[in-house]
Amino acid sequence: MAHETFVSAVTDYEAFFEGELAKLHEDGRYRIFAELERKAGAFPRAAHHTEDGVGEVTVWCSNDYLGMGQHPVVLDAMHTALDQCGAGAGGTRNISGTTHAHVLLERELADLHNKDAALLFTSGYVSNWAALSTLAARLPDCVVMSDALNHASMIEGIRHSRAECQRFAHNDPEDLNRRLTQVAPGRAKLVAFESVYSMDGDIAPIAEILDVCEAHGALSYIDEVHAVGLYGPRGGGVAEREGLMDRIDVIEGTLGKAYGVMGGYIAASTALVDFVRSFASGFIFTTALPPALAAGAAASIRHLKNSNVERDRQKEQVAKVRLRLNAMGIPTLDNPSHIIPVMVGDAHKCKRISDWLLEHHGIYVQPINYPTVPVGTERLRLTPSPVHSDADIDKLVEALSEIWSQCELARKKMAA
């Protein structure tokens with residue numbers, strides 16, 4: 001009898017999985033991954049693999065914001081490291097996995113943010129999760145103040161710490177101040193927020209948030225993953241652009257977006273970095289990044305510390321796309337960053353537009369829906385880059401205008 005119950009339960013598990021997936025399909029939120037093969041030297045062109053064969057698409061939603069994933073300086077550094085060191089690091093950082101490439105990269109990162117030290121992780125997600133969970137769990141009687149729109153990696157890290165957490169209103173220093181005022185004196189306090197928020201593209205009032213942190217003796221932790229490489233005279237992020245890096249306790253970033261490679265990191269004081277290095281399970285118990293990735297990231301950082309060509313070109317292309325879309329009456333969220341959210345507001349419609357652009361124009365832009373954004377705010381997230389040509393922009397705007405007109409006509413017919 002016990003065996004029969006066990007078999008029945010397994011069958012129910014499968015039914016549960018299938019039922020939950022069916023709901024995603026019904027809601028228009030089921031995610032399909034396009035199988036792409038980026039073309040080095042020709043990106044944003046990519047080969048699109050389907051059951052019907054291989055076609056070419058232009059990618060408009062990549063987080064390789066500056067095209068550094070194909071830059072010769074980066075590729076040369078990776079080829080050299082691969083030939084010298086082989087494929088993998090060979091272990092965790094503690095057990096034979098700390099190579100010279102890792103040490104050099106951490107020095108570049110510390111210098112980038114004008115900090116005493118930096119610590120490398122396998123991804124930006126892991127760096128947030130490991131650093132925040134370690135700090136919040138081990139600081140005595142810590143209370144964490146987390147911006148209401150913080151990334152999932154920050155939320156998970158804070159949750160894992162089991163520290164008390166309060167969400168302050170998005171980009172609202174007054175609400176943060178009010179909440180910190182109510183915290184008992186003597187408690188450790190940690191304020192976690194982002195500089196550029198990836199879905200709306202808005203930018204935090206960093207100076208005002210730091211004023212509040214300093215008034216209450218709170219540690220400040222900023223996520224600059226969508227800003228490093230892109231903002232500031234050397235690519236140090238929005239905090240560098242605004243001359244605020246020295247006031248921030250922990251700066252977290254990624255190597256997988258504007259730097260075009262892979263990995264995450266924190267930069268802070270020597271003691272704080274050593275503390276996280278010594279206690280964070282997400283650092284201690286995972287294999288180190290391959291040396292070739294570390295070498296490529298370091299080359300990318302060095303290049304962007306000294307070159308504004310990529311940043312300037314990106315700003316030009318972002319401005320062109322915004323201007324053209326506004327002229328066409330296509331709704332976008334106005335923001336001061338490089339991210340252009342085209343607001344659709346319906347999951348099914350968003351997917352339909354994305355599919356149509358891909359099928360009829362070879363334009364790939366992934367629909368963004370819940371839980372990444374709230375229901376009713378579904379969107380296409382455009383990220384113009386230096387490697388998008390003016391002709392690419394013309395094609396995108398014309399195609400979007402065409403499908404937008406079709407959707408509006410269909411809506412009016414249904415309303416009638």
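**Helix H4, the cores, the sheets and the enclosed spaces**

Helix H4 is followed by asparagine 114, a residue with a positive phi, near 55 degrees. The description that follows is of a predicted model. Asparagine 114 is not a glycine, although its phi is positive. The residue belongs to the loop between H4 and E4. Asparagine 114 has a relative accessible area of 60%, over the 50% limit, and therefore counts as exposed.

A second residue with this kind of backbone angle is asparagine 171, which is likewise not a glycine and has a positive phi near 55 degrees. Asparagine 171 is located in the loop that lies between strand E6 (164–168) and helix H7 (173–181). Is asparagine 171 buried or exposed? Its relative accessible area is 16%, which is under 20%, so asparagine 171 is classed as buried.

Helix H4 itself covers residues 100–112, a run of 13 residues. From the first C-alpha to the last, H4 reaches 18 Å, close to the 18 Å expected at 1.5 Å a residue. The buried residues of H4 are Ala101, His102, Leu105, Glu106, Glu108, Leu109, Ala110 and Leu112. Glu106 and Glu108 are thus listed as buried along with leucines and alanines of the helix. The cover over the buried residues of H4 includes two helices, H3 (93–97) and H12 (291–306). Two strands, E4 (117–121) and E10 (264–268), are also part of that cover.

Leu105 of H4 also appears in the description of the nonpolar cores. The largest nonpolar core has 54 residues, and those touching the most other members are Leu105, Met145, Leu176, Val191, Phe193, Ile206 and Leu255. Helix H12 provides the largest share of this core, with six residues. For leucine 176, the contacts beyond its neighbours within four places in sequence are Met145, Phe168, Val191, Ile209 and Val212. A second core of 30 residues is separate, and among its members are Ile330, Ile340, Ile353 and Ile393.

Strand pairing was examined next. Strands E1 (residues 35–38) and E2 (residues 45–50) run antiparallel and are joined by four bridges. Across this pair, glutamate 35 is placed opposite histidine 49 of E2. The two strands form a hairpin with six residues between them. In the turn, glycine 41 has a positive phi of about 90 degrees. The loop between E1 and E2 also holds proline 44, and the peptide bond leading to proline 44 from phenylalanine 43 is cis, with omega near 25 degrees. Strand E2 also pairs with strand E3 (residues 53–59), in the antiparallel sense and over six bridges. Alanine 47 has glutamate 56 in E3 as its bridge partner. The hairpin between E2 and E3 passes through two residues.

Another open sheet contains three strands in the order E11-E14-E13, with antiparallel pairing. Its edge strands, E11 (340–343) and E13 (367–368), each pair on one side only. Four bridges link E11 to strand E14 (residues 379–382) in the antiparallel sense. Here, proline 341 is found opposite arginine 381 of E14. The loop between E13 and E14 contains proline 371. The peptide bond from tyrosine 370 to proline 371 is cis, with omega near 10 degrees.

Empty space in the model was considered last. The number of cavities of 30 Å³ or more is two. The largest cavity has a volume of about 80 Å³. Its lining consists of Arg93, His102, Leu120, Phe121, Thr122, Gly282, Phe283, Thr286, Thr287, Ala288 and Leu289. His102, one of these lining residues, is also among the buried residues of H4. E4 and helix H11 (281–284) each contribute at least two residues to the lining of the largest cavity.

The second largest pocket encloses about 310 Å³ of space. Its lining is made of 16 residues, and Ile32, Lys351, Asp355, Leu358 and Gln366 are those nearest its centre. Helix H14 (residues 347–361) contributes the most to the lining of this pocket, giving five residues.

Technical notes
Residues are numbered from 1 along each chain as its sequence is written. This is a predicted model: local features need pLDDT of at least 70, side-chain atom pairs count only at pLDDT 80 or more; totals for chains, interfaces and linings use all residues. Side-chain values use heavy atoms; hydrogens and water are left out. The expected span of a helix is 1.5 Å times one less than its number of residues. Buried means under 20% relative accessible area, exposed over 50%, partly exposed in between (1.4 Å probe, protein chains only). Contact means heavy atoms within 4.5 Å. Two strands pair if DSSP finds at least two bridges between them. A nonpolar core is a set of buried Ala, Val, Leu, Ile, Met, Phe, Trp, Tyr and Cys residues joined through side-chain atoms within 4.5 Å. On a 1 Å grid over the protein atoms alone, a cavity is a set of points where a 1.4 Å probe fits but cannot get out, and a pocket is an open set with protein on both sides within 12 Å along at least five of seven lines; lining residues have an atom within 4 Å of a point. Grid points are joined across faces, edges and corners, and a volume is the space filled by probe spheres set on the points.
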